[in-house]
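Here is a short note for a colleague who has not met this entry before. Please read the points with the structure open.

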Amino acid sequence: MFRRTILSEDQMLALEAHLAGTLRPVTPPLEVVQRLRERIHFPQPEEIVSRFRDWQRMFVVLGSVMSGMLVIITLARALYYLVGRK
């Protein structure tokens, strides 16, 4: 098992100062920065509108599928109770 040691405020500050002196900032390669800039971009307003239209279509399709499943389940339960009672 691990034992937790509780550090005082002075020990924490000393540890942070030591780590701040030990760890140096690293600059990423320029290719990585360029790829991130290409990936992270604000779409054009037309693209945003088309995405909202796609979301609306997806919600309509999802709602239709769920409604159809609910009708099928209701019919199956009704048939089960009608056939099972005889």
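1. Charges come first. The protein carries 12 positive side chains and 8 negative ones. The centres of these two sets lie 18 Å apart. Bear in mind throughout that this is a predicted model.

2. Next, the fold elements. The protein has 3 helices and 0 strands. Read from the N terminus, the order is α-α-α. The radius of gyration is 30 Å, while the globule rule gives 12 Å for 86 residues; the first value is well over the second, so the protein is more spread out than a compact globule.

3. The outer dimensions can be given too. Taken along the principal axes, the C-alpha atoms fill a box of roughly 80 × 50 × 20 Å.

4. What share of the 86 residues counts as buried? The answer is 0%. A residue needs under 20% relative accessible area to earn that label. The protein exposes about 9300 Å². Carbon and sulfur atoms supply 66% of that exposed area.

5. Look now at the nonpolar surface. A patch of about 1100 Å² is made by I48, F52, W55, M58, F59, V61, L62, V65, M66, M69 and I73. One of these residues, V65, has its place in helix α3, which covers residues 45-84. V65 has 44% relative accessibility, so it counts as partly exposed. The class between buried and exposed runs from 20% to 50%.

6. D54 also deserves a look. This residue lies in helix α3. Is D54 buried, partly exposed or exposed? Its relative accessibility is 44%, and therefore D54 counts as partly exposed. D54 and Y81 are 27 residues apart in sequence. In space, the C-alpha atoms of D54 and Y81 are 41 Å apart.

7. Finally, turn to E38. This residue lies in helix α2, which spans residues 30-39. E38 counts as exposed because its relative accessibility is 54%, and the cut-off for that class is over 50%. How far apart in space are E38 and E9? The distance is 44 Å, C-alpha to C-alpha. Along the sequence, E38 and E9 are 29 residues apart.

Note on methods
Residues are numbered from 1 along each chain as its sequence is written. This is a predicted model: local features need pLDDT of at least 70, side-chain atom pairs count only at pLDDT 80 or more; totals for chains, interfaces and linings use all residues. Side-chain values use heavy atoms; hydrogens and water are left out. Helices (H or I, at least four residues) and strands (E, at least two) are DSSP runs, numbered from the N terminus. The radius of gyration is taken over C-alpha atoms; the globule rule is 2.2 Å times the number of residues to the power 0.38. Buried means under 20% relative accessible area, exposed over 50%, partly exposed in between (1.4 Å probe, protein chains only). Accessible areas come from the Shrake-Rupley method with a 1.4 Å probe; for residues, only the protein chains shown count as cover. Lys and Arg count as positive and Asp and Glu as negative; His and the chain ends are not counted. The place of a charge is taken as NZ of Lys, CZ of Arg, CG of Asp or CD of Glu. Patches are made of residues with over 30% relative accessible area and no salt bridge: like charges are joined within 9 Å, nonpolar side chains (Val, Leu, Ile, Met, Phe, Trp, Tyr) within 5 Å. A salt bridge is a side-chain nitrogen of Lys or Arg within 4 Å of a carboxyl oxygen of Asp or Glu.
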